[in-house]
Amino acid sequence: MNKRPTLKLKTKPAPGQAHAPAAAKLRPSYHPDLKPVLQPGFQPDLRADSLAFCLLGAANAVAQVRTGTALPQALAKVFTQSNASPQARGAIQDISYRTMRQLGRSETLVGLMTSKAPEPPMLAALLCCALSLMSAEPGEQPYEEFTVVDQAVTVATSHPDLAHAKGMVNAVLRRFLRERTSLLAAALQQPLAQWNYPQWWIDSLRLAYPRDWQAILTAGNAVPPLTLRVNRRKSTVEAYLAVLAEAGIAAGQVGPFAVRLDKPIGVALIPGFEQGVVSVQDAGAQLAAPLLDLQDGMRVLDACAAPGGKTCHILELADVQVTAIDADAKRLPRIAENLERLGLEATLKAQDAQSSAWWDGQQYDRILADVPCTASGIVRRHPDIRWLRRKGDAFQLATLSSKILDNLWQMLRPDGKLLFVTCSLWPQESEAQAAAFAVRNNATRLTAPGQLLPTGSAEQDHDGLFYALFQKNAA
């Protein structure tokens, strides 16, 4: 445990010690010059199976997101620090993701009930986590309201960074219970609370999609489904649906290879997963490999490949030679694990798609360019993205992506095809990027879906992605 700094006091000189230093005055702990060292890694003595333990973990993760850390990384750190059990990890993750989807509303409610922003950040995060649990629709609340209040106060009481505010935590949450209707009505007058997105995000969507912006925001707030990709080398959608039905798992088809489960279940419980019969992949992302028009024997490059879902789908559809690159070497093992589970092989390289230093000079028949972007189309799966991004990020990432696309184009053989993919909703990263690329490189644009908006209907259920397919003219 990290200890707070100890004040060393100078003693008053004894008689006859004229040259001894003068005594220093003891500064009270609330003195503005005394800034205590925060201890986010401190582990209070809380039962590992208690809601308080899970609220503390979730608050820690949410506070990290608000200071710039992606939620998956924040949760991984929390799990390591707390040594949480699998059951507790599931609860911490659920509370964290729930809070991310309702953060705008919860922060607005906190602002209505407090005179100034709660400090430190983990205090504000604890209040938001508790409010996200308490403000759920009647019948959908995962915990009794008074239990949430009690356990949130327990967290504050037990943690050195929060103990000073245990009274405030109790007062704020109990006030919400008393004045729920009026507080929610007041909060929902503000777009931040109504939509749970930053104002710049809302404004940008209204400008880009004047008819669809509300549906897009609503879809992004939904809990994503568990969608599987059936490995055509080992089964068919029809046969796999029969396997699921026999196992008592309700599901339906939402794409050529896509099966959506009515209720998500743990990966270990998915029939055939360990045997490589199916993989987890969004139905929209499953469109990439078929669009490449693969033929046996082709050389294929999958750029920016991690975590490898599209790499594996390519190899499921044809006997091709795949080179998969990713700039982050730490992400390559995830691709290797997926390939091994499916019984597939590819050449994996930790390389930057902006560079050609690694390229052997042999041109590829097909290139999949799933370029870096703001990921604004997958916020239902990653609700922290909306709070981490800034308005200027789309321009910066579009500039990077244009360099990657131009670099990859030289690696494509004449008459070869390059598929440009992005999981963004912002036109500067999608359609504007595709149009500019075609002009710069004299590329022939072929038929492709273009911009897919996120949707969750009975017939279609996919994230927001963009597809543009180009053919290189023969010399």
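**Sheet, helices and aromatic pairs in a predicted model**

The charged end of R341 is placed over the ring of F273, at 3.9 Å from its centre. The model is predicted.

Biologist: In what order do the seven strands of the open sheet stand?

Modeller: The sheet is open, and its pairing is mixed. From one strand to the next, the twist averages 15°. The order of the strands is β7-β6-β5-β8-β9-β13-β10.

Biologist: Which strands stand at the edges of the sheet, each with a single partner strand?

Modeller: A strand with a single partner has one side left without a neighbour in the sheet, so it stands at an edge. This applies to residues 347-350 and to residues 444-452, which are β7 and β10.

Biologist: Do strands β8 and β9 run parallel or antiparallel, and which residue of β9 is the bridge partner of A369?

Modeller: Strand β8 covers residues 364-370 and strand β9 residues 412-422; six bridges join them, and they run parallel. The bridge partner of A369 in β9 is F420.

Biologist: At about what angle to β13 does helix α17 run?

Modeller: Two helices may be described here. Helix α16 (residues 393-409) lies across β5, β8, β9 and β13, and runs at about 160° to β9. Helix α17 (residues 431-441) lies across β9, β10 and β13, and its angle to β13 is about 10°.

Biologist: Is the aromatic pair of W200 and W201 stacked, tilted or edge-to-face?

Modeller: A pair of aromatic rings is described by the distance of the centres and the angle of the planes. For W200 and W201 the centres are 5.5 Å apart, and the planes form an angle of 50°. Stacked requires planes under 30 degrees apart and edge-to-face over 60, so the remaining class applies. The pair of W200 and W201 is tilted.

Biologist: Why is the pair of W409 and F437 edge-to-face, and which helices hold the two residues?

Modeller: The ring centres of W409 and F437 are 5.2 Å apart and the planes stand at 90°, so the pair is edge-to-face. The pair ties together parts that are 28 residues apart in sequence, because W409 lies in helix α16 and F437 in helix α17.

Biologist: Are W409 and F437 buried or exposed?

Modeller: The cut-off for buried is under 20% relative accessible area. W409 has a relative accessibility of 7%, and F437 a relative accessible area of 1%. Both W409 and F437 are therefore buried.

Biologist: Which residue lies over the face of Y197?

Modeller: Y197 is linked by ring pairs into a cluster with W200, W201 and W426. At 4.2 Å from the ring centre of Y197 lies R386.

Conventions: Residues numbered from 1 in each chain as written. Predicted model: local features only at pLDDT ≥ 70, side-chain atom pairs only at ≥ 80, totals over all residues. Heavy atoms only, no water. Pairing = 2+ DSSP bridges. Helix = DSSP H or I, 4+ residues; strand = E, 2+ residues; numbered from the N terminus. Axes fitted to C-alpha atoms, helices over the stretch in contact; angles between N-to-C directions. Contact = heavy atoms within 4.5 Å. Phe/Tyr/Trp six-rings, centres within 6.5 Å; stacked < 30°, edge-to-face > 60°. Buried < 20%, exposed > 50% of the residue type's maximum accessible area, 1.4 Å probe, protein only. Lys NZ or Arg CZ within 6 Å of the ring centre and 35° of its normal.
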